[in-house]
Each structure stands twice: as C-alpha cells, then as structure tokens.
Amino acid sequence: MEDWIFYKEKGNKEYAEGNYKSAIELYDKAISKFLNNKEINSNQDILYSNVAQCYIQLNILDKAIEFLLKAIDINPMNIKSNKRLFNCYLKLGKFKEAILYNKRCENIDKDNANIHQEDDKLLNYVSKIDSN
C-alpha cells in the first residue's frame, strides 16, 4: 500500500469518529507524500476536499475555502468540492460567490434538479437583499 493511502484511510477513520483535528493531520501527511514527489495525482484533490470537510465540521470556514480552492484548482469537475464551496460561501453570507459555485455545480451535473432549485432560491433571496 502506498504511504498516502495509509494516511488517507487513517484520516477517514478519525473523521468518522469525529476526531476532525486528528483527521486533518493525517490528511496533511497524505498530501505531503504527493508534494514530496512533486506529482499531482488524481486523488490529491480528494485529500484537499477531505481536509476542507474537517474544517467545515470545526466551523473554520475560511480554512475550508482555502483547501476547497486547492481541490478545485486540481480538479474543477469535482462536484463535491464545488458543492462544499457553495455551502461555505452561503454560510458566510457571500451570496455572489455562492451563486458562482452553484452555477458551476449546475454545469457539472446538468441533470440535478436540486441544484437548479437551490440556485433559483438563492437568486431570489439575494435580489430581495439587494433591493433593501
């Protein structure tokens, strides 16, 4: 088993047990294995997204956004990372950014009616705020 997989699996276990800080440390070790090899692997974006999810659970949304942007930079089509970023911006009240990432989700998963409904609700909400 590759070293990064070992750390990812241990991180997943810690996450499942609610040990988010420990999971972050383990995911960081997995990421460092990629960085030491100076390679970008198709799994690296998943690791960044996993770290972000830990920060979301800890309600440290600025750090979550930082890691989600890294994940999306590697794999712009990762629906989970885009959706998480949408939710972070929404929680922070950054509606224009939220709309942008919800639109990206729409483009990635064109058949998902829930994404389209969320976008309509969000646009309606933002238009009400802007008119006040």
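This passage walks through the helices of a predicted model, how they pack, and the core they share.

The overall picture is a simple one to start with. The protein chain contains seven helices and zero strands, and read from the N terminus its elements run α-α-α-α-α-α-α. Of its 132 residues, 39% count as buried. Contacts across the sequence were also examined: among those between residues at least 6 apart in sequence, 46% join residues at least 24 apart.

Helix 3 is a good place to begin with the packing. This helix covers residues 44–57, and helix 5 covers residues 79–91. The two pack at an angle of about 25°, and their axes lie 11 Å apart. An angle under 35 degrees counts as roughly parallel, and helix 3 and helix 5 are therefore roughly parallel to each other. The crossing of helix 3 past helix 5 is left-handed. On the helix 3 side, the residues that take part are Ser49, Asn50, Gln53 and Ile56, and they meet Ser81, Arg84, Cys88 and Lys91 of helix 5. Sorted by class, this contact is made of two nonpolar, four polar and two charged residues.

Helix 3 also packs with helix 1. Here the angle is again given as about 25°, with the axes 12 Å apart. That angle makes helix 1 roughly parallel to helix 3. Helix 1 passes helix 3 in a crossing that is left-handed. From helix 1, Trp4, Lys8, Asn12 and Tyr15 meet a set of helix 3 residues made up of Ile46, Leu47, Asn50, Gln53, Cys54 and Gln57. By class, the contact between helix 1 and helix 3 holds five nonpolar, four polar and one charged residues. Asn50 and Gln53 of helix 3 thus appear in the contact with helix 1 and in the contact with helix 5.

What lies at the heart of such packing can be followed through the nonpolar core. In soluble globular proteins, nonpolar side chains tend to be buried together. The largest nonpolar core in this model has 30 residues, and Leu47, Val51, Leu85 and Cys88 touch the most other members. At least two residues of this core come from each of helix 1 (3–16), helix 2 (20–37), helix 3, helix 4 (61–74), helix 5 and helix 6 (95–108). Helix 2 gives the most, with eight residues. Two of the residues just named are also found in the helix contacts: Leu47 in that of helix 1 with helix 3, and Cys88 in that of helix 3 with helix 5.

Val51 deserves a look of its own. Not counting residues up to four places away in sequence, Val51 touches Ile24, Tyr27, Asp28, Ile31 and Phe67. The C-alpha atom of Val51 is separated by 9.2 Å from that of Leu26, although the two residues are 25 apart along the chain.

Leu26 itself sits in helix 2. Its relative accessibility is 12%, so Leu26 counts as buried, the limit being under 20%. With neighbours within four places in sequence left aside, Leu26 is in contact with Tyr7, Lys10, Gly11 and Glu14.

Tyr7 brings the account back to helix 1, where this residue is found. Beyond its neighbours within four places in sequence, Tyr7 is in contact with Leu26, Lys29, Ala30 and Lys33. Tyr7 and Glu25 are 18 residues apart in sequence, and their C-alpha atoms are 9.0 Å apart in space.

Technical notes: Residues numbered from 1 in each chain as written. Predicted model: local features only at pLDDT ≥ 70, side-chain atom pairs only at ≥ 80, totals over all residues. Heavy atoms only, no water. Axes fitted to C-alpha atoms, helices over the stretch in contact; angles between N-to-C directions. Helix = DSSP H or I, 4+ residues; strand = E, 2+ residues; numbered from the N terminus. Parallel < 35°, antiparallel > 145°, perpendicular 65-115°, else oblique. Left-handed = near helix turned anticlockwise from the far one by under 90°. Contact = heavy atoms within 4.5 Å. Nonpolar A, V, L, I, M, F, W, Y, C, P; charged D, E, K, R; others polar. Core = buried A, V, L, I, M, F, W, Y, C linked by side-chain atoms within 4.5 Å. Buried < 20%, exposed > 50% of the residue type's maximum accessible area, 1.4 Å probe, protein only.
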